[in-house]
Every structure is written in structure tokens, then in C-alpha cells.
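Colleague: I am new to this structure and should be grateful for a close look at one part of it. Could you take me through the aromatic rings and explain how they are arranged?

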Amino acid sequence: MLGFGADLLWADMNRLLAFLFHQGVLDEQFLQLQQLQDEASPNFVSEVLNIYFHESEKLLTNLRGLLMERDYKKMGVHLNQFMGSSSSIGAKRVTNVCVAFRAATLQTNRAGCLRALEMLEHEYCYLKNKLHQLFQIEQQRALVAGVRYPVQNQNQ
Amino acid sequence: MAIAGSPSAAPQLHVLAVDDSLVDRKVIERLLKISSCKVTVVESGTRALQYLGLDGENDALGFDSVKVNLIMTDYSMPGMTGYELLKKIKQESSVFREIPVVIMSSENVLTRIDRCLEEGAEDFLLKPVKLADVRRLKDFIVKGKVKEGEKRSHKRIRSIDCSSPLSATCSPMSLPCDPSTSLLSPLSAKKARL
């Protein structure tokens with residue numbers, strides 16, 4: 001009975017993952033991250049993602065401030081960082097928006113930058129929500145399957 | 001040479017990874033650990049030089065400092081770029097200059113790649129770095145070590161036969177770096193992909 005519940009949750013998880021891949025939200029780098037998780041490092045993916053969320057939120061706050069100050073050069077530097085970490089975790093859509101955003105900073109196109117920042121915030125929020133959903137399903141599955149699982153710190 | 005940590009005869013490589021991004025440091029560390037490498041991760045070129053003992057604080061101790069078989073560095077870093085770190089290492093005395101240095105970058109800029117390779121980088125990896133990249137690098141380095149080991153054992157045999165003074169035939173412990181093979185195999189694979 002418990003095993004059956006775990007299987008359903010497993011299917012839910014895979015469905016969500018497949019959806020995210022199909023939508024281009026995630027790419028194969030995310031799979032690579034999962035491959036790096038094993039008994040020696042059982043929480044690797046969530047640890048990396050928590051670092052990513054923490055850093056990204058700082059970057060987004062800074063970007064908004066820099067845009068107000070019209071500091072396009074510094075924005076470019078922040079975007080390089082954001083691009084790099086996003087591509088490292090397989091966040092394809094976020095990475096692509098960073099690329100477009102960076103192009104707008106090179107053109108010192110303020111309206112373009114504003115639009116790009118909004119899109120970036122939107123894409124990032126979407127990604128974060130979906131990944132949290134994924135974590136939740138996985139935690140439920142582990143509980144149901146009777147596996148002891150460390151509880152994730154709740155991120156805001 | 002690095003001491004083997006595993007029961008098999010295969011030596012464990014010690015890799016020094018340099019990246020200013022915390023996310024990337026975590027990922028590269030895991031990539032290397034899962035590939036059975038000993039890993040040291042630092043956040044900047046300056047720290048890397050400090051770790052190697054090349055920061056001018058203790059030059060004389062350079063030879064006795066930590067043994068590193070491979071350096072993997074991000075290209076774009078604040079302060080000292082990966083390229084600048086590469087140059088500094090290649091300007092050093094024989095032991096350090098021979099440590100293979102691999103540059104990692106999320107940007108596929110040919111001029112950047114050429115510049116790094118010209119300066120003596122072993123390879124240029126496009127981020128995000130994958131397990132397959134690490135595996136390929138590791139195989140290449142280990143192969144080089146095996147060749148180096150064979151060369152040295154031949155020297156030793158010759159010296160015993162000729163009964164010449166030992167000091168004449170003892171070469172300083174150098175790390176594998178056959179320029180011809182290094183430029184050819186990983187480079188051609190990389191350029192082909194580009």
C-alpha cells in the first residue's frame with residue numbers, strides 16, 4: 001500500500017520533470033546534477049539549488065538597483081554571474097533571458113533592460129516555484145517509501 | 001607523484017579548481033570527487049597561487065608545497081582572470097610550469113580560446129562542465145603519468161648499468177606534459193565540437 005503511493009508520487013515527479021524539459025525551463029545539465037547525487041552526497045541537488053536561489057535573489061535585487069542608477073557595465077558583470085550559475089544548474093530559460101538582457105545593457109537600452117529585468121524576475125520565480133514543487137513531491141515520496149529524509153529549510 | 005587512495009594501483013589525481021562562483025565550485029567539486037579525484041577548491045587566482053606557494057611569500061618552499069596534478073580554472077573572475085593565473089603559472093620554475101592548466105568558460109569565444117591555448121593551457125572547456133569532460137581529462141593526465149613513470153624507470157635502469165653518479169640521472173619530479181599529445185587530442189576534440 002505504501003509502496004503504491006510512492007510509485008504514484010514517482011510518476012508525478014517524472015511528469016513534472018518531463019514538462020519542465022519540454023517547456024525548455026530545464027535542460028540536460030539538470031540531469032547531470034542529479035547524476036552527481038548519490039549515497040555519498042544524498043542532498044547534493046537541493047544543496048546546489050539552495051545556493052543558487054540565495055545568490056540569484058541577491059543578483060536580482062542588485063540588478064534592479066543598478067538599473068535605477070543606469071550602471072550598465074555593472075549590470076553586465078552581474079548578468080555574467082547569473083548566466084553562469086543558471087547554466088550550471090540547467091536553468092535554460094533563465095540563462096537565455098540573461099543573454100538577451102546582457103545584449104540590452106551593451107546597447108545601454110534602458111527600456112529593453114527594464115523589460116528584460118521583468119522577464120528575468122518572472123522566469124526566475126517560475127523556475128523556483130517549479131523546483132520547490134519537485135522537492136515537495138520527492139520528500140513526500142521518500143516519506144511514503146519509508147526512507148528517512150532530511151527536511152528542507154523553507155525558502156521564501 | 002600523488003599517493004593512491006584506492007586499493008587499485010591507479011594513482012589518485014589531486015585537482016585544484018578555481019572559480020569565483022559558489023554554485024560552480026560546488027558542482028566542479030562534486031564532478032571531480034565522483035571521478036575519484038582529490039579536490040581542492042578555491043575562489044580566486046590569488047588564493048590558488050597562495051595554495052601552490054607561489055604568492056611570493058615562500059618561494060624557496062615551492063618544491064615542498066602541495067602536489068597538484070591538474071589546475072582547472074574559470075576564465076572570467078574578478079581580480080585575476082583565469083588567463084592571468086595561467087600566465088603566472090607558466091612563468092614559474094619547472095615544477096609548477098608543468099602542471100597542466102585547463103580553462104573553463106561559459107562563453108565560446110575563439111580568440112579567447114586561442115589566446116589561452118597559446119599561453120600553454122592544456123584544454124579549454126565550455127561550461128557547464130560535464131562528467132564526460134572530467135573523465136576525458138583524467139584519462140589524459142593519468143596516461144601522461146604512466147608514460148612519465150616508464151621514462152623515469154628506464155633512466156634508472158640505465159644509470160645502474162652505467163654506474164654513473166646518481167645525482168646526474170635523477171630528474172626533478174615533473175608532472176606529465178608532453179606538448180605534442182596535449183595539444184592534439186583534447187584540442188582537436190574541442191575544436192571539432194566548436
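**The aromatic rings of chain A**

Modeller: Chain A contains six helices and zero strands. This is a predicted model, and the description that follows should be read accordingly. Along the sequence the elements of chain A run α-α-α-α-α-α. The C-alpha atoms of the chain occupy a box of roughly 60 × 25 × 25 Å along the principal axes. Of the 156 residues in chain A, 47% are buried. If one takes the contacts in chain A between residues at least 6 apart in sequence, 65% of them join residues at least 24 apart. The aromatic rings offer particular examples of links between separated parts of the chain.

Over all chains there are five aromatic pairs. One of them brings together A:Phe53 and A:Tyr124, and it is classed as edge-to-face because the ring planes stand at 75°, with the centres 6.4 Å apart; the cut-off for that class is an angle over 60 degrees. A:Phe53 belongs to helix α3 (residues 44-68) and A:Tyr124 to helix α6 (residues 110-144), so this pair ties together parts of chain A that are 71 residues apart in sequence. A:Phe53 and A:Tyr124 are both buried.

A:Tyr124 also takes part in an aromatic pair with A:Phe82. This pair, too, is edge-to-face, with 6.4 Å from centre to centre and 70° between the planes. Here the partner of A:Tyr124 comes from helix α4 (residues 72-89), where A:Phe82 is found, while A:Tyr124 is in helix α6; the two residues are 42 apart, and the pair links distant parts of the chain. Both A:Phe82 and A:Tyr124 are buried.

These residues can now be considered as a group. A:Phe53, A:Phe82 and A:Tyr124 join with A:Tyr52 in one aromatic cluster. Within that cluster, A:Tyr124 of helix α6 pairs with A:Phe53 of helix α3 and with A:Phe82 of helix α4.

A charged residue also meets this group. The charged end of A:Lys128 is placed over the ring of A:Phe53, at 5.6 Å from the ring centre. The ring of A:Phe53 therefore has an edge-to-face partner in A:Tyr124, and the charged end of A:Lys128 sits over it. An arrangement of a charge over a ring is found in chain B as well, where B:Arg115 lies over the face of B:Tyr83, 4.5 Å from the centre of that ring.

Methods:
Residues are numbered from 1 along each chain as its sequence is written. Chains are lettered from A and ligands numbered from 1 in the order in which they are written. This is a predicted model: local features need pLDDT of at least 70, side-chain atom pairs count only at pLDDT 80 or more; totals for chains, interfaces and linings use all residues. Side-chain values use heavy atoms; hydrogens and water are left out. Helices (H or I, at least four residues) and strands (E, at least two) are DSSP runs, numbered from the N terminus. Buried means under 20% relative accessible area, exposed over 50%, partly exposed in between (1.4 Å probe, protein chains only). Contact means heavy atoms within 4.5 Å. Rings of Phe, Tyr and Trp (its six-membered ring) pair if their centres lie within 6.5 Å; planes under 30 degrees apart count as stacked, over 60 as edge-to-face and the rest as tilted. A charge sits over a ring if NZ of Lys or CZ of Arg is within 6 Å of the ring centre and within 35 degrees of the ring normal.
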